[in-house]
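Trainee: Before I use these pocket terms, I want the cut-offs behind them. Can we go through them?

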Amino acid sequence: MTEPEASGVTEPKTTFNVADLSPVEGYKLGSGLVVPRPIGWIGTRGTDGSENLAPYSFFNMVSGDPPTFLYSPGPNPDGPKGSLRNAEETRLFSINIVTAETVEAMNATAATVPHGESEFGLAGVTSIPGPATGVPTVAEATATIECRVTQFVKVGREGGGNVLVIGEAVAFHVADRILDGTRVDQAGLRAVGRHVGNTYSNATDLFDIVRPA
Ligand SMILES: Cc1cc2nc3c(=O)[nH]c(=O)nc-3n(C[C@H](O)[C@H](O)[C@H](O)COP(=O)(O)O)c2cc1C
């Protein structure tokens, strides 16, 4: 095996051993570096009929066949977050894609509200039942994915850590104006990514790069 050619140029770096970091410091470093993160704007309903809508940037598509997604609710002093409790109860969630048009509404739904109070109203968006599963979805979203839960996976420290809510897509709903068959027009989608804290980016600086054969 040949060694990679050294560029001869390195930058000064600080090393952080995780054993010496507080949980907040580890979170800040990780979430400041793994950017931009997509935002799953997650709609759920509990067995009592109450609806919930909240943003999760520990979120991604994690497999293609079938299309599989996860979001990751963290610990909460007052018991499980609404998006976890509801998914445990009804095993359904919707992913509403956050775009430039809905980013302010998304932010409003991050507020902590008592169980049973809907963040849909708080953010001024309309809840409509997904046609495939009935899960609450955001009518104003450019695109929505209805998902059925397949797994819950606990990660992280005992007494802290998160629960991965993993689900398979049942149906995609995508605005016609950004579709060419099943190809999604990236400029038209205007997706927003999360960086660290209150910092976001628009996906406006798009470029293509040809993959080697
Ligand atoms: C852009 C953004 C991303 C967020 N990502 C997460 C996340 O990945 N995990 C998490 O536990 N909380 C995350 N939060 C905080 C939750 O949205 C917040 O705790 C919310 O109140 C949870 O609502 P719920 O209890 O109705 O599920 C995020 C907040 C914002 C604004």
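Mentor: We take the ligand contacts, then the pocket.
Mentor: This is a predicted model, where local features need pLDDT of at least 70, side-chain atom pairs count only at pLDDT 80 or more, and totals for chains, interfaces and linings use all residues. Residues are numbered from 1 along each chain as its sequence is written, and side-chain values use heavy atoms, with hydrogens and water left out.

Trainee: What makes the Ser 83 pair with the ligand a polar contact?
Mentor: A polar contact is a pair of N or O atoms within 3.5 Å; within protein, one must be able to donate a hydrogen and the other to accept it, and residues adjacent in sequence count only if both atoms are side-chain atoms. A polar side-chain atom of Ser 83 is 2.4 Å from a ligand oxygen, so the pair qualifies. Backbone atoms qualify too: Gly 74 has a polar one 2.7 Å from a ligand oxygen, and Phe 58 has an N or O atom at 2.8 Å from one.

Trainee: How do you know which residues surround the ligand?
Mentor: Each must have a heavy atom within 4 Å of the ligand. There are 17, with Asn 52, Tyr 56, Gly 74, Lys 81 and Ser 83 the closest.

Trainee: Why is the shell described as 8 nonpolar, 6 polar and 3 charged residues?
Mentor: Those are its counts by class. Ala, Val, Leu, Ile, Met, Phe, Trp, Tyr, Cys and Pro count as nonpolar; Asp, Glu, Lys and Arg as charged; the others, Gly among them, as polar. Therefore Tyr 56 counts as nonpolar, Lys 81 as charged and Gly 74 as polar.
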